Amino acid sequence: MKLSQFVSEQKARKWLWFALGAFVALQIYFVQELLVAFLLFTGVFAICALIALVLYLVDRASRWGLGLAGIQAKRALVAAEEISKKQLRRPRSEPAQ
């Protein structure tokens, strides 16, 4: 075996290992990019879900509040009708006679 063949074989092996290492590094980088993208999309989805939950709870609370306001309005209307039926002046007061 000639020295030049041995040196070129060593260079070829060195480049082969370098290429294999670069390929593995690229694959690891690709997996890391996929994991980061997955985490980002998960975070965005969680934020959107939280916003939707807050909007839903605000809607439910407003409906509950409107229901209570309706009940109170009915009570106030009944009370106003009762007050309007009562005589506001005393029967023997001067303007009533």
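The following questions and answers go through the helix, surface and side-chain contacts of a predicted model.

Reader: How many helices and strands are there in the chain?

Author: The secondary structure of this predicted model is quickly listed, since the chain has zero strands. The helix is α1, which covers residues 3-85. The count in the chain is therefore zero strands and, by DSSP runs, one helix.

Reader: What percentage of the residues in the chain is buried?

Author: A residue counts as buried when its relative accessible area is under 20%. The chain has 97 residues, and it exposes about 9,600 Å², of which carbon and sulfur atoms supply 71%. Buried residues make up 1%.

Reader: Which side chain meets R13 in a salt bridge?

Author: The structure has two salt bridges in its count, and the one that involves R13 has a distance of 3.6 Å from N to O. The partner lies in helix α1 together with R13, four residues apart, which is about one turn of the helix. R13 counts as exposed because its relative accessibility is 53%, whereas the partner, at 33% relative accessibility, counts as partly exposed. The side chain asked for is that of E9.

Reader: Is D59, which meets R63 in a salt bridge, buried, partly exposed or exposed?

Author: The side chains of R63 and D59 meet at 3.4 Å, N to O, and because they are four residues apart in helix α1, about one helical turn separates them. R63 has 57% relative accessibility and so counts as exposed. D59 has a relative accessibility of 33%, so D59 counts as partly exposed.

Reader: What is the accessible area of the nonpolar patch that includes L50?

Author: L50 is found in helix α1, and its relative accessible area of 53% is why L50 is exposed. On the surface, L50 forms a nonpolar patch with L53, V54, Y56, L57 and V58. Together these residues have an accessible area of about 580 Å².

Reader: Is the pair of W15 and F18 stacked or edge-to-face?

Author: A search of the whole structure finds one aromatic pair, and the rings of W15 and F18 have their centres 5.5 Å apart. Both residues lie in helix α1, three residues apart, about one turn of the helix, and W15 is exposed, as is F18. Planes over 60 degrees apart count as edge-to-face. The planes of W15 and F18 stand at 90 degrees, so the pair is edge-to-face.

Technical notes: Residues numbered from 1 in each chain as written. Predicted model: local features only at pLDDT ≥ 70, side-chain atom pairs only at ≥ 80, totals over all residues. Heavy atoms only, no water. Salt bridge = Lys/Arg side-chain N within 4 Å of Asp/Glu carboxyl O. Helix = DSSP H or I, 4+ residues; strand = E, 2+ residues; numbered from the N terminus. Buried < 20%, exposed > 50% of the residue type's maximum accessible area, 1.4 Å probe, protein only. Patch = residues over 30% accessible without salt bridge, like charges linked within 9 Å, V, L, I, M, F, W, Y side chains within 5 Å. Areas by Shrake-Rupley, 256 points an atom, 1.4 Å probe, with all protein chains shown as cover. Phe/Tyr/Trp six-rings, centres within 6.5 Å; stacked < 30°, edge-to-face > 60°.
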